[in-house]
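Please look over the sequence and the model below. The notes that follow take up a pocket, a helix and the nonpolar cores.

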Amino acid sequence: SRNVFLKDAVGNFCLELYRALKQNDIPVALYAEQFDLSLNDFVRRVDLVSEEATTRDQLLYFSSTYDPALEKLLLLPFSRRVAYFHGITPPELLQVFDPELSMTCRRAYKQLPSLQEFDVLATNSRASADFLASFFGEDSPFSVDDIRVIPPRLLPPVALVEFSGAS
């Protein structure tokens with residue numbers, strides 16, 4: 001994820017998924033451009049991904065804002081790339097209160113077609129899937145029906161073991 005902050009919806013989801021994978025002995029590394037200093041022991045800087053990634057690794061990418069690292073991540077030789085789209089705040093809602101963040105959200109909208117380069121797409125709701133698919137052209141490998149809807153709720157660790165072999 002570009003950002004991993006405590007008490008942030010996307011950040012909390014990343015941290016909970018990281019914890020669940022670790023508890024189930026699934027090798028995982030968490031990378032972010034910006035993160036709380038208290039997370040420094042297990043969140044790595046995103047620029048290290050290009051040095052550490054191998055062709056055996058899978059990328060689970062969390063999309064919720066403009067990410068200057070996205071294009072570089074798409075060039076790395078992961079065995080599989082999965083993008084989870086959380087949605088983007090409509091820029092017009094931020095224009096008056098935070099013009100800079102509003103521009104960042106506009107840039108994020110322009111970046112959405114790049115998510116078609118992932119092998120699997122998932123969103124947090126059917127509305128988010130419809131929104132994401134609206135940025136794809138007719139020649140896209142993804143229709144709205146190809147985008148998986150996975151609400152951002154994790155199962156208890158015992159249940160994760162049961163599903164670890166599922167695709």
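What volume does the second largest pocket have? The second largest pocket has a volume of about 400 Å³, where a pocket is an open set of points on a 1 Å grid over the protein atoms alone at which a 1.4 Å probe fits, with protein on both sides within 12 Å along at least five of seven lines, and a volume is the space filled by probe spheres set on the points. This is a predicted model, in which local features need pLDDT of at least 70 and side-chain atom pairs count only at pLDDT 80 or more, whereas totals for chains, interfaces and linings use all residues. Residues are numbered from 1 along each chain as its sequence is written, and side-chain values use heavy atoms, with hydrogens and water left out.

**Pocket lining**
- Of the 19 residues that line this pocket (an atom within 4 Å of a point), Asn3, Asp8, Val10, Ser64 and Thr65 are the closest to its centre.
- Helix H1 (9-23) and helix H5 (99-111) are the elements that give two or more residues to the lining, with helices taken as DSSP runs (H or I, at least four residues) and strands likewise (E, at least two).

**Helix H6**
- Ser128, Ala129, Leu132 and Ala133 are buried (under 20% relative accessible area, 1.4 Å probe, protein chains only) in helix H6, residues 126-133.
- The buried residues of H6 fall within an arc of 130° seen down its axis, so they line one face of the helix; the arc is that of the directions from the helix axis to the C-beta atoms.

**Nonpolar cores**
- The largest nonpolar core (buried Ala, Val, Leu, Ile, Met, Phe, Trp, Tyr and Cys residues joined through side-chain atoms within 4.5 Å) has 29 residues, and Tyr61, Leu115, Phe118, Leu121 and Leu132 have the most contacts inside it.
- Apart from this core lies another, of 15 residues, including Val10, Leu15, Leu17 and Ala122.

Technical notes
Buried < 20%, exposed > 50% of the residue type's maximum accessible area, 1.4 Å probe, protein only.
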